[in-house]
Amino acid sequence: MPFALFGIDAYLKNAGSDAAVAKVAGSSVSIVEYRNAMQSLRNKMQSEGQKDLSLLDTPQARLTVLNRLINTRLLNAEAQDRKFKISNEQLSEFVITLPEFQQNGKFSQEVYDKLLTQNQMTPSKFENMMRGELVTQQVRDGIPPLANAIKAVEDRAIKTCLLYTSPSPRDRTR
């Protein structure tokens, strides 16, 4: 297993930005998409107060993120096969309830625009991303035992990876 993880890690470090790190259900997961997913996880950990982000620099953490992208692709393929859709109204209702865009308990267009700009996203890019996540959630809701198992395994893998790759107190004093 360590050899396989090292091989993936070396490939990801040396691949060009247009390289596919995986092909799933007829679509590719690009190196850019993978790097964005790693950055999103890094941002999430920082927002949750994690100080030691070196845990993300392990082959196990990278493989876990890649597996999550693959699982999302599989769910997206299922959504497309079943012709799941999110209407503009559903999307709008979802976005205006996100706490990140609230000010004084109400949706704020100003906060929305500011956060998108800070994250270098256009409204259409963000809305497409949210639409995709909502469709994926529809698929998960349609197959709850499988979706919950996948999510639980992913969460457990990330936590295990972070626990077992954190330096021991003895290592920190060197």
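This is a short walk through the structure shown above, from the overall fold to one helix pair, one residue and one pocket. Keep in mind as you look that the model is predicted.

Let's begin with the whole chain. Its 174 residues include 30% that count as buried. The chain contains eight helices and four strands, and if you follow the sequence from start to end you will meet them in the order α-β-β-α-α-α-β-β-α-α-α-α. How much of the contact in the chain links residues 24 or more positions apart? Taking the contacts with a separation of 6 or more, such pairs make up 59%.

Now let's look at how two of the helices meet. Two packed helices can be described by the angle between their axes and by the distance between those axes. Helix α4, which covers residues 88-97, packs against α6 at an angle of about 100°, and the two axes lie 10 Å apart. Angles of 65 to 115 degrees count as roughly perpendicular, so α4 is roughly perpendicular to α6. On the α4 side, the contact is made by Asn 88, Gln 90, Leu 91, Phe 94 and Val 95. Facing them from α6 are Phe 126, Glu 127, Met 130, Arg 131, Leu 134 and Gln 138. Sorted by class, the residues of this contact are six nonpolar, three polar and two charged.

One of these residues, Val 95, deserves a visit of its own. Val 95 sits in helix α4. Is Val 95 buried or exposed? Its relative accessible area is 6%, and buried means under 20%, so Val 95 is buried. Leaving aside residues up to four places away in sequence, Val 95 touches Phe 101, Phe 107, Tyr 112, Phe 126 and Met 130. Two of these partners, Phe 126 and Met 130, also appear on the α6 side of the helix contact. Tyr 112 is 17 residues from Val 95 along the chain, and the C-alpha atoms of the two are separated by 9.3 Å.

Our last stop is a pocket. The second largest pocket holds about 240 Å³ of space. It is lined by 14 residues, and those closest to its centre are Asn 76, Ala 77, Ala 79, Gln 80 and Val 135. Which elements give two or more residues to this lining? They are α3, residues 59-81, and α6, residues 123-142. Helix α3 provides the largest share, with five residues. By class, the lining of the second largest pocket has seven nonpolar, three polar and four charged residues. Helix α6 thus links two parts of our tour: α6 packs against α4, and α6 also helps to line this pocket.

How values were computed: Residues numbered from 1 in each chain as written. Predicted model: local features only at pLDDT ≥ 70, side-chain atom pairs only at ≥ 80, totals over all residues. Heavy atoms only, no water. 1 Å grid on protein atoms, 1.4 Å probe; cavity = no way out; pocket = protein on both sides within 12 Å on 5 of 7 lines; lining within 4 Å. Points joined across faces, edges and corners; volume = space filled by probe spheres on them. Nonpolar A, V, L, I, M, F, W, Y, C, P; charged D, E, K, R; others polar. Axes fitted to C-alpha atoms, helices over the stretch in contact; angles between N-to-C directions. Parallel < 35°, antiparallel > 145°, perpendicular 65-115°, else oblique. Contact = heavy atoms within 4.5 Å. Buried < 20%, exposed > 50% of the residue type's maximum accessible area, 1.4 Å probe, protein only.
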